[in-house]
Amino acid sequence: MLKKNFRLSIFLIFFISYCFADGEKKIKELYAHRIVSPPKIDGDLKEEVWTQVGCSATQFVQRNPHPGGLPTAPTEVKVLYDNNAIYIGAILYDVAADSIMREFTLRDDIGFSDVFGVYFDTYDDDINAFEFLVTAAGVQIDRKWTAMGRDESWNAAWLSETKIEGTNWYVEMEIPLSALRFPKKPIQQWGINFRRTIQRNHETNYWNEINPETNGFVNQFGNMSGIMNIKSPIRLSISPYISSYVNHYSGDSENPAGASNKINGGMDLRYGINDAFTLDMILVPDFGQVVSDNRVLNLSPFEVQYGENRQFFKEGTDLFEKGGFFYSRRVGGKPLLYDEVENQLLEQEEILINPQESSLINASKVSGRTNSGLGIGIFNGLTQSMYATIKNSESGTQRQVLTAPLTNYNILAIDQNLKNNSYVSLINTHVLRQGNFYDANLTGTTFRFANGRNTFAVSGRGAISQQYGLENEDVYGFTSSLTLAKIGGNFLASITNYIESDTYDPNDLGFLGANNEFRTSANLGYNIYKPFWQLLNLSTDLDVSYRRLYHPFTYTGFDLSAAVRGTFRNYFYVSVNYNTSPFKSYDYFEPRVAGRYFVEPAYNYLGFYMSTDGRNRLALGSSFGYTDFDFDNKRNIRFGINPRFRVNNMLSFSGSISYNNQLNSIGFAEQQEDLVTFGRRDINTISNIFNTKFTFNNKMGLSFRMRHYWSSAQYKEFYTLGDQGDLLGSNYQESEDRNYNAFNIDMVYSYTFAPASEISVVWKNSISEDEDAVVHNYFSNVQELKSLPQNNTVSVRLLYYIDYGMLMKKFRGHPTEII
């Protein structure tokens with residue numbers, strides 16, 4: 001027995017040592033050369049400042065389509081620096097000028113172009129990085145990498161030029177130190193990597209190999225040395241703007257036509273408090289030009305979550321979004337009592353105005369990371385009191401009803417980077433409302449601990465929500481999750497336990513569709529990253545999920561899903577998915593009454609998706625899904641098609657057409673006290689999106705987006721929901737039919753006339769209707785749009801970026817010299 005325990009102990013010691021041993025470190029090294037006078041950024045690398053540099057980054061390695069393989073064309077990169085900026089010069093060798101793909105697009109859109117890029121891990125923490133890309137057409141793309149992944153909304157002001165000469169193309173970049181964050185040290189040690197995409201071959205290469213079998217991206221960078229005695233410059237920039245709006249409403253029988261206009265002005269301010277922390281502030285914000293939401297008909301008991309389109313709330317929010325406790329659309333979102341206005345109507349009264357969004361007064365955020373890897377973020381936003389206007393149709397008098405008080409939103413986020421791509425974070429969100437309204441608070445944590453080889457990880461999150469004075473009570477709730485996972489290699493696996501108490505509610509500043517859940521799930525996957533047979537790659541997944549309520553602790557469902565995805569050698573992509581719930585499940589949310597549930601039938605779903613080679617001028621994606629339920633001919637059919645046609649390097653068209661037919665769907669219809677009525681209905685949904693863009697050059701473009709969404713629900717039979725979740729006969733006679741149309745146009749002309757400065761002209765058209773009479777023919781719905789009231793807005797906005805460092809640079813001048 002003693003010998004057996006001894007052997008077990010030795011095995012555990014070796015196993016733990018293996019799991020938590022340091023893995024392979026970065027293998028490539030690059031030296032950056034200091035210069036006295038900067039090169040002219042024109043794409044010409046024949047200047048002496050470049051030709052005198054002997055050290056360069058070469059011998060790139062393929063990531064796609066042949067991981068670990070040799071590139072089809074060589075690349076050479078050199079790095080210079082001075083007290084103001086980092087300079088990158090790259091020679092991208094090729095076979096012919098017409099083989100270099102260069103589609104004109106607007107900023108942050110790669111399009112169908114060859115790409116060169118550089119990545120800086122300035123704190124050398126293997127987690128955070130800055131990404132700067134430029135296409136062969138000269139289009140800039142910049143992004144930021146964090147533990148949350150890639151932040152595509154991050155923007156910086158930097159210079160770049162490209163040049164095609166002979167069979168090759170050349171890149172020259174100037175990245176100001178003010179665009180980066182780096183430790184306050186005399187000798188800098190940065191992680192660095194370079195990327196080259198050769199679009200005609202679907203080929204992506206990196207200087208330091210990015211191995212798909214290794215979890216993570218930034219942790220696979222090379223090393224850069226040679227940067228010494230640089231200081232974080234004064235980081236101060238302002239972006240004043242002025243905008244003008246003209247709005248016209250066509251009117252209807254209840255609301256007369258009208259026109260209005262307004263002029264707005266405000267400013268964005270960014271100030272570097274020190275070398276690590278930055279203040280971002282928006283004064284008198286204007287979000288009138290953001291793209292329209294994709295509104296839908298929502299028959300579910302859950303709120304629809306829309307994406308964030310406001311730039312201030314998209315950029316630099318990675319610290320606040322850790323753990324998923326922050327939903328930025330709450331700030332300036334729907335007023336707290338928006339849906340309660342109808343309940344306050346007296347006889348002869350009607351709602352004249354009821355704003356759907358709260359007005360944002362200002363918002364600010366401070367964020368950064370210290371030399372030790374400690375990240376701190378503070379966010380504050382303030383919205384003004386909102387009122388609905390109610391009119392007495394008989395007397396003509398009007399009165400106002402408060403729908404939201406003056407509200408202050410606060411977030412504090414603390415995040416500590418650890419070894420092995422690990423971290424631990426603490427987040428607190430707080431909502432403070434003026435007057436006799438409840439306040440809310442949430443305190444949460446999230447963590448990830450990986451072994452030295454980055455092959456195993458333990459991750460989790462937890463939070464406590466508090467609502468003070470909600471219906472004269474203080475309500476507390478909690479959530480927690482824990483995941484054990486194998487994250488590296490071909491074989492991947494994980495097991496997760498997830499809990500939400502029945503009183504957990506983060507929705508004052510976060511998003512949660514429904515609480516009261518206890519779920520255990522497991523995932524198994526096997527991926528083949530290198531080409532074999534007729535495939536370039538293949539991935540498989542098997543997922544199992546077992547669900548219960550948290551309170552009462554009762555069974556709700558069991559789900560099983562499997563997926564296979566692969567890319568063929570002709571770049572034809574195929575995905576097949578199968579989902580099943582083999583047993584009955586119990587839905588405690590659809591009845592909208594606490595303690596009641598509906599017995600959902602077992603189902604089987606089969607889905608298919610494919611896409612053709614994106615290198616072709618005409619590319620196509622399509623999907624199909626079929627769900628069969630073990631109930632009275634209930635089934636779902638959906639399909640979609642996504643074509644894209646690239647006319648030339650300036651003009652392209654794309655779109656999507658989707659259809660979803662839910663036959664004999666069973667769902668909530670009405671509730672009167674304890675009597676819950678369900679209905680059997682047919683739901684048809686068709687959504688069409690058409691996009692076109694014409695880009696004059698890499699600084700000027702015109703885009704057009706049109707969307708029409710139609711969804712109808714026709715009830716065929718009604719039932720009374722029984723105490724055992726079954727459906728009983730009903731005498732319910734009311735109509736619950738719905739016919740919803742939403743039509744939007746967003747047309748945008750933009751011209752970037754200086755770094756981070758632009759003029760934009762936007763036309764927005766909006767039409768919507770929600771009726772209780774179903775119009776069955778889709779084209780009849782399209783025809784009906786002409787007769788519906790529509791809202792048209794034309795706006796012009798001028799934004800000018802003023803950077804202290806760029807202004808000072810104009811007054812400097814030195815002879816060229818390499819140190």
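A residue is called buried when its relative accessible area is under 20%, exposed when that area is over 50%, and partly exposed in between. Keep that in mind for the views below, which all come from a predicted model.

**View 1. A nonpolar patch sits on the surface.** Seven names to look for here: Ile 242, Ile 263, Ile 759, Val 761, Val 794, Val 796 and Leu 798, which together offer about 550 Å² of accessible area. Strand S43 (757–771) and strand S44 (791–799) each supply at least two residues of the patch. The most generous giver is S44, with 3 residues. Now pick out Ile 759, which is found in strand S43. Its relative accessibility is 31%, so Ile 759 counts as partly exposed.

**View 2. The whole chain, before we zoom back in.** There are 5 helices and 45 strands to spot in the chain. Its C-alpha trace spans about 90 × 85 × 55 Å along the principal axes. A compact globule of 819 residues would have a radius of gyration near 28 Å, and the chain, at 29 Å, agrees with that. Of those 819 residues, 48% count as buried. Take the contacts with a separation of 6 or more: 63% of them are between residues 24 or more positions apart. As for the outside, the accessible surface comes to about 38700 Å², and carbon and sulfur atoms hold 56% of it.

**View 3. The largest nonpolar core has 37 residues.** Inside this core, the residues with the most contacts are Ile 86, Ile 88, Phe 116, Phe 120, Phe 132 and Phe 194. Strands S4 (75–81), S5 (85–92), S6 (115–121), S7 (129–135), S11 (168–176) and S12 (190–198) each put in at least two residues. Zoom in on Phe 120: setting aside neighbours within four places in sequence, its contacts include Ile 86, Ile 88, Phe 132, Ile 175, Leu 180, Trp 190 and Met 224. A second, separate core has 23 residues, among them Leu 319, Ala 363, Tyr 409 and Tyr 504.

**View 4. Lys 163 and Asp 44 form a salt bridge.** Side chains of opposite charge can pair when their charged atoms come close. In this pair, the closest N and O atoms are 3.9 Å apart. Lys 163 is in strand S10 (residues 159–165), while Asp 44 is in the loop between strand S2 (33–34) and helix H2 (48–51), so the bridge ties together parts 119 residues apart in sequence. Lys 163 is partly exposed, with 26% relative accessibility, and Asp 44 is partly exposed too, at 22%.

**View 5. Arg 270 meets Glu 315 in another salt bridge.** Here the N to O distance is 3.0 Å. Arg 270 belongs to strand S16 (residues 258–272) and Glu 315 to the loop between helix H3 (311–314) and strand S18 (349–353), so parts 45 residues apart in sequence are tied together. Arg 270 is partly exposed at 27%, whereas Glu 315 is buried at 10%.

**View 6. Arg 433 pairs with Asp 508 in a salt bridge.** Their closest N and O atoms are 2.9 Å apart. Arg 433 lies in strand S24 (residues 422–433) and Asp 508 in the loop between strand S28 (491–500) and strand S29 (517–528), so this pair links parts 75 residues apart in sequence. Buried or exposed? Arg 433 is buried, with 9% relative accessibility, and Asp 508 is buried as well, at 8%.

Methods. Residues numbered from 1 in each chain as written. Predicted model: local features only at pLDDT ≥ 70, side-chain atom pairs only at ≥ 80, totals over all residues. Heavy atoms only, no water. Patch = residues over 30% accessible without salt bridge, like charges linked within 9 Å, V, L, I, M, F, W, Y side chains within 5 Å. Areas by Shrake-Rupley, 256 points an atom, 1.4 Å probe, with all protein chains shown as cover. Salt bridge = Lys/Arg side-chain N within 4 Å of Asp/Glu carboxyl O. Helix = DSSP H or I, 4+ residues; strand = E, 2+ residues; numbered from the N terminus. Buried < 20%, exposed > 50% of the residue type's maximum accessible area, 1.4 Å probe, protein only. Core = buried A, V, L, I, M, F, W, Y, C linked by side-chain atoms within 4.5 Å. Contact = heavy atoms within 4.5 Å. Rg over C-alpha atoms; globule rule 2.2 N^0.38 Å.
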